[in-house]
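Take a moment to look at the fold before reading on. Keep the sequence beside you and find each residue as it comes up.

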Amino acid sequence: MTTSTRGTTRKVPAVLVLEDGRIFRGRAYGAVGETFGEAVFSTGMTGYQETLTDPSYHRQVVVMTAPHVGNTGVNDEDPESGRIWVSGYVVRDPARVPSNWRSRRSLDDELAAQGVVGISGVDTRALTRHLRERGAMRVGIFSGDAVKDDAALLARVQEAPGMLGADLSAEVATKDAYVVPAVGERKYTVAAVDLGIKGMTPHRMAERGIEVHVLPATATVEDVYAVQPDGVFFSNGPGDPATADHPVSVMRGVLERGTPLFGICFGNQILGRALGFGTYKLKYGHRGINQPVQDRTTGKVEVTAHNHGFAVDAPTDRVSDTPFGRVEVSHVCLNDNVVEGLALLDKPAFSVQYHPEAAAGPHDAAYLFDRFVSLMEGQRA
């Protein structure tokens, strides 16, 4: 429950309570009230507006490791979706006044207008170190009249649902199909299954002459092929991939037909499950725009944008046999050797665990959209 209160709330006391009993005290930032979610940290020093509007952050309370947040305000060009999706926001030192030629309003006013409860003035370094040691966990932020005694607040947090077993993609996906037209000449048609897609992703495909038909998460195999696609795309999204039985079934249908296929983030986990691999929850996940990943097909190391708390459990030391042919782990995270990409050797399909659309983030992985185009070119030839 939140109470949207625009204007200055920074003198209102606020409390952040983790499910293991650790408490941080600060001041309200954004809306005043209470909120619950999974506490995660993002290491990006820029791009907070894209982070806030990324549907993959649904039901998560994001802790910003960068100490100074909000200095460029909020504009109307950079959102990745139609709303803020984070369930709560934690910053150390919010900007007093935004300063950017594109800014239309302050970040705290935007959070308040959308009913997002946040907290400022806390030691986000100590909080991040705690999450790195103990792992992502349930959290509550309370401000104003929602602040009670510590024991009562902790009990509320421990009653909140966790992320393990959460089926969330249908909650953030579009309800109705829509089309993003190709920029210039239309060369290909792609059916994009929306599991929490960011706006920049179909735009990156459109720049390459692709007409993108964005379909709801509930789309069937028949819905996918009704648009006569040259390729099929599965997007990023929130929640536990172990619950995503319907997207897995649809992806298997695509693999059976041999249509060029590309998946990112949640789509990578869906491909892993479709091939018969398991998934598991990472201790604290990868979030931010500075994660090092190696493309094992080229040896190149890329700095990439991430937002995921689950990973595919596939062997990294050998090629695996699956019902759809051989598959190899194409990308790995150099921090912890987590699987960051899969590539089929006998069918035109591949995926990566990160966000190549670079919103926000580096452009090192933009070639992946070109790789998808190459698959469609090869299939057409």
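What follows walks through aromatic rings, then the nonpolar cores, then a run of paired strands.

The model is predicted. Start with the rings. The structure holds six aromatic pairs. One of them joins Phe36 and Phe142. Their ring centres are 5.5 Å apart, and the planes meet at 80°. That makes the pair edge-to-face, because planes over 60 degrees apart count that way. Now find the two residues in the chain. Phe36 lies in strand β4, residues 32-42. Phe142 lies in strand β10, residues 137-143. The two parts are 106 residues apart in sequence, so the pair ties together distant stretches. How is each partner covered, buried or partly exposed? Phe36 is partly exposed, because its relative accessibility is 21% and buried means under 20%. Phe142 has 0% relative accessibility, so it counts as buried.

Move on to a second pair, Phe262 and Phe369. Here the centres are 5.9 Å apart and the planes stand at 80°, so this pair is edge-to-face. Phe262 belongs to strand β15, residues 261-264. Phe369 belongs to helix α10, residues 367-380. The pair links parts of the chain that are 107 residues apart. Phe262 is buried, with a relative accessible area of 0%. Phe369 is buried, with a relative accessibility of 1%. Both residues also belong to a cluster. Ring pairs link Phe233, Phe262, Phe350, Phe369 and Phe372 there. Remember Phe350; this residue returns below.

Rings can also have a charged neighbour. Arg257 lies over the face of Tyr225, 5.0 Å from the ring centre. Lys281 lies over the face of Phe310, 5.8 Å from the ring centre.

Next, turn to the nonpolar cores. The largest nonpolar core has 34 residues. Which of them touch the most other members? They are Phe234, Met251, Leu255, Leu275, Leu342 and Leu344. Several elements each supply at least two residues of this core. Among them are helix α8 (245-257), strand β19 (325-333) and strand β20 (339-344). Helix α8 gives the most, with five residues.

Look more closely at Leu275. Leaving out residues up to four places away in sequence, Leu275 touches Leu255, Thr322, Pro323, Phe324, Val327, Leu342 and Leu344. Apart from the largest core lies another, of 24 residues. Its members include Val180, Ala192, Ala206 and Ile264.

Now follow β20 into its sheet. Six of the six residues of β20 are buried. On one side, β20 pairs with β19. The two strands are antiparallel and share five bridges. His331 stands opposite Gly341 in β20. A hairpin connects β19 and β20, with five residues between the strands. In that hairpin, Asn337 takes a positive phi near 65°.

β20 has another partner, strand β21, residues 349-352. How many bridges do β20 and β21 have? There are three, and the sense is antiparallel. A hairpin of four residues joins β20 to β21. Ala343 stands opposite Phe350 in β21. Phe350 brings you back to the ring cluster, as one of its members. β20 brings you back to the largest core, to which this strand supplies at least two residues.

How values were computed:
Residues are numbered from 1 along each chain as its sequence is written. This is a predicted model: local features need pLDDT of at least 70, side-chain atom pairs count only at pLDDT 80 or more; totals for chains, interfaces and linings use all residues. Side-chain values use heavy atoms; hydrogens and water are left out. Rings of Phe, Tyr and Trp (its six-membered ring) pair if their centres lie within 6.5 Å; planes under 30 degrees apart count as stacked, over 60 as edge-to-face and the rest as tilted. Buried means under 20% relative accessible area, exposed over 50%, partly exposed in between (1.4 Å probe, protein chains only). A charge sits over a ring if NZ of Lys or CZ of Arg is within 6 Å of the ring centre and within 35 degrees of the ring normal. A nonpolar core is a set of buried Ala, Val, Leu, Ile, Met, Phe, Trp, Tyr and Cys residues joined through side-chain atoms within 4.5 Å. Contact means heavy atoms within 4.5 Å. Two strands pair if DSSP finds at least two bridges between them.
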